[in-house]
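The exercises below are meant to be worked through with the sequence and the three-dimensional view open side by side. Try each task before reading its solution.

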Amino acid sequence: MSESTEIRDTSLRRSRRSDPSNRPAPTSRIEAVREDGGLDLGRIRGQRTARAGTLFLVLIIALIAASVLSAAIGQLFIPPLEVIGSLLGKVGLDWLPGPSHDFGEEALWQVRFPRVVMTVLVGAALAVAGAMMQGVFGNPLAEPGVVGVSSGAAVGASASILFGWSFLGAFTTPTFAFVSGLITTFIVYTVSRSGGRTEVITLVLTGVAVNAIAGAAIAYITFAAPTSAREQIVFWQMGSFNGSLWSQVGLILPLIVFGIIIAQTLAPGLDILSLGEKSARHVGINVERLRIIVMAVVALLVSAAVAFCGIIAFVGLVVPHIIRMIIGPGHRLLLPASVLGGAVLLSIADLAARTLVEFADLPIGMLTSLVGGPFFFYLIRRSRKESGGWA
Amino acid sequence: MSIITVGRSAVRRPEFPVAGKPIISVRGAEVSFGERTILAGIDLDIRCGEVLAIVGPNGAGKSTLVNVITADVELDAGKVFIDDEVEYSWSTRELAMRRAVLLQDIGMAFPFIVLEVVEMGRSPWAGMRESQHDDLIVAGSMSRTETVQFAARKFTSLSGGEKARVALARVLAQATPALLLDEPTAPMDIRHQELVLQQARDYASTGGAVVIIVHNLDLAGAYADRIAMLSDGSIIADGPPAEVLTADRISDVYDYPVSIVADPNTGAPLVVPVRAGRKED
């Protein structure tokens, strides 16, 4: 900075000169402060990369640990080493002994592993959908629920339970949930579009209206349903991974993997959208196209996630937020880190749901809301403090 | 980058600016919101190699004119030509290769660091040969705007004037033939106001076209090659500062008496509002 002071002095001295023949050029010239070596791009980027690298390493280790523990703990305890042994045995490696208990192998491969994989997939999908939603709305408080995916899915699921439809067998309810989630998002989006553009605030308010209508529809269906169906509807909405099957995993796996890959290609555009809609357009982003693709991918991911497991709130809100606090808001890293973070968080939540109360499988949606609600409150307080109001 | 770079081969690059050639032309632009007419038939050429200042009182339509040029407002009548073609014949990205825009609203939704914000200015060139020099261009535009010292800080933690300089650095990094600046100096101190206008001059001297909206008529008088004065949605004067900035015209347009004096150093017009002296003396 000393250099700049010096320059400023010279310019002042020059302009005070009284000799008219020796007047300075039109205006005294400001030389921008140049600090040699002051802009070390490599160093700044290196710091970020190192932080992100550490986070990814921690998340991967946490995910493996949480998954193995999840598979180990339950009514029948199987030591973690035996869990790993059973996994390795499946791919033909006899490094560790498998489960010593008679039903160990069966419990792992028919009950616990599908459940663990399902949890990981759903957690990843919800978190990455939340990160995209926040990016596209430019608001860290946005959630997939804003555009009515979850409530739409709930209407479809409840209706199929009420009418007892079963033409797709066990997949009837999930299919209805999936399709109605997609349709609801589509309706919210088209209704809030006008003149080829979509105002974010209109989109959010339309979402509020559609969510209210969906809530009324769910209430009516619950009211009209016979007792057993009513119970089913209520439990579907609370969310659970109880009874996850390989066949279900097989259905949602390709959808979620596809969604996550597309999400990653949208990362640079989402970064730039942070400049604001107009400015993003001015640097060459086709905002409208980006937004449509994001909506479609979010609807796909969330509909797939809730189809079998019901509504699990707040994962999409909390995970991207925590990750943003650690490695910054750049979506190229935020999205993959959210995939891992969501998987870890939901794995831990599901483990808690199964083990907190003995012989009971708590609804996981209830657990995540119980923890996520206060966290959401904290976020609101924090972002108000930071921006000095709602900005 | 896949979504952004789809159809890369079809992207039409801008040519290097030739001084004097109009890069942006507005013809008969009319805009009204409901009953209210905002722009009533604007004709304006923005030429390479010159700094054009757009001045006028509040509500004269300055920002709307910028919005017209950037296609953010629909025209009721008239056309905007960019690089000899009607605006809508260009893709969003091709437009971004031709004109960079600095709006008054320069907020960021998320706390990106300053370096990342400036790098966003390079995005229209992603995957093209121009992107080879990204680092050099980013570093250059940051040092020219005196933003190097907070390269690693979060954009959201900066003061208003610092944010404005970072936003300017981003726009400079876009390296386009035309530059549209909507009140870039509003939150800045004297030193940085002068710095911005000097950067605008430099930009024009290398062949770029610079359009700058300013409220400070002295700045416009000292640095602009041309001033276009707007009043009630029409351009009522367009020419060199000495011709446009006359006491009668300004007093009339701004509805306040002013007198014009010559800058003791340069002879450029300075606008002095007529003020009643203090009563005490």
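**Exercise 1. Burial in a helix**

Find out which residues of α1(B) are buried, and then look at the residue that follows the helix.

Solution. In this predicted model, the buried residues of α1(B) are B:Lys62, B:Thr64, B:Leu65, B:Val66, B:Asn67, B:Val68 and B:Ile69. The helix spans residues 62–69 of chain B and is mostly covered, with seven of its eight residues buried. A residue counts as buried if 20 or more other C-beta atoms lie within 10 Å of its own. After α1(B) comes B:Ala71, and the phi of B:Ala71 is positive, near 65 degrees.

**Exercise 2. Chain B as a whole**

Describe the make-up of chain B, and explain why chain B can be called as compact as a globular protein of its length.

Solution. Begin with the secondary structure, which in chain B consists of nine helices and twelve strands. The radius of gyration of chain B is 20 Å, and the globule rule gives 19 Å for 281 residues; the two values are close, so chain B is as compact as a globular protein of that length. Next, consider the extent of the chain: the C-alpha trace spans about 70 × 45 × 35 Å along its principal axes. Of the 281 residues, 47% count as buried. Finally, if one takes the contacts in chain B between residues at least 6 apart in sequence, 68% of them join residues at least 24 apart.

**Exercise 3. The sheet and one of its strands**

Work out the order of the strands in the six-stranded open sheet of chain B, and then decide whether β8(B) is enclosed or not, giving the reason.

Solution. The strand order is β6-β7-β8-β3-β9-β10, and the pairing is mixed. At the edges stand β6 (99–102) and β10 (234–239), each of which pairs on one side only. On average, neighbouring strands of this sheet are turned by 15 degrees against each other, direction ignored.

Now follow the partners of β8(B). Strand β7 (residues 178–182) and strand β8 (residues 209–213) of chain B pair in the parallel sense over five bridges, and B:Leu179 stands opposite B:Val210. The strands β3(B) and β8(B) also run parallel and are joined by four bridges, with B:Ile54 opposite B:Ile213.

The next step concerns the two faces. In a regular strand the side chains alternate between the two faces of the sheet. In β8(B), B:Ala209, B:Val211 and B:Ile213 lie on one side, while B:Val210 and B:Ile212 lie on the other, and all of these are buried. Since five of the five residues of β8(B) are buried, the strand is largely enclosed by the rest of the structure. Helix α6 (residues 190–205) of chain B lies across β3, β7 and β8 of chain B and runs at about 155 degrees to β8(B).

**Exercise 4. Positive phi in two loops**

Which loop holds B:Asp84, which loop holds B:Asp232, and what is the phi of B:Asp84 and of B:Asp232?

Solution. Most residues other than glycine have a negative phi. B:Asp84, which is not a glycine, has a positive phi near 70 degrees, and it is found in the loop between β4 (77–82) and β5 (85–86) of chain B. B:Asp84 counts as exposed because it has 9 C-beta neighbours inside 10 Å. B:Asp232 also is not a glycine, yet its phi is positive, about 50 degrees; its place is in the loop between β9 (226–231) and β10 of chain B. With 15 other C-beta atoms within 10 Å, B:Asp232 is partly exposed.

**Exercise 5. Where the chains meet, and a core**

State how many residues each chain gives to the contact between chain A and chain B, and then explain where the largest nonpolar core lies with respect to the domains of chain A.

Solution. Chain B gives 45 residues to the contact and chain A gives 39. On the side of chain B that touches chain A, the elements giving two or more residues are α2 (92–96), β6, α3 (114–120), α4 (134–144) and α6; of these, α4(B) gives the most, with five residues.

Turn now to the largest nonpolar core, which has 192 residues, and in which A:Ala125, A:Val128, A:Met132, A:Val298 and A:Leu301 touch the most other members. Its largest share, 19 residues, comes from helix α4 (residues 104–137) of chain A. Domain 1 (71–108) and domain 2 (132–313) of chain A both give residues to this core, so the core lies between them.

Notes:
Residues numbered from 1 in each chain as written. Chains lettered and ligands numbered in written order. Predicted model: local features only at pLDDT ≥ 70, side-chain atom pairs only at ≥ 80, totals over all residues. Rg over C-alpha atoms; globule rule 2.2 N^0.38 Å. Buried ≥ 20, exposed ≤ 12 C-beta atoms within 10 Å, placed from the backbone. Contact = placed C-beta atoms within 7 Å. Pairing = 2+ DSSP bridges. Axes fitted to C-alpha atoms, helices over the stretch in contact; angles between N-to-C directions. Core = buried A, V, L, I, M, F, W, Y, C linked by C-beta atoms within 7 Å. Domains from an automatic or database assignment.
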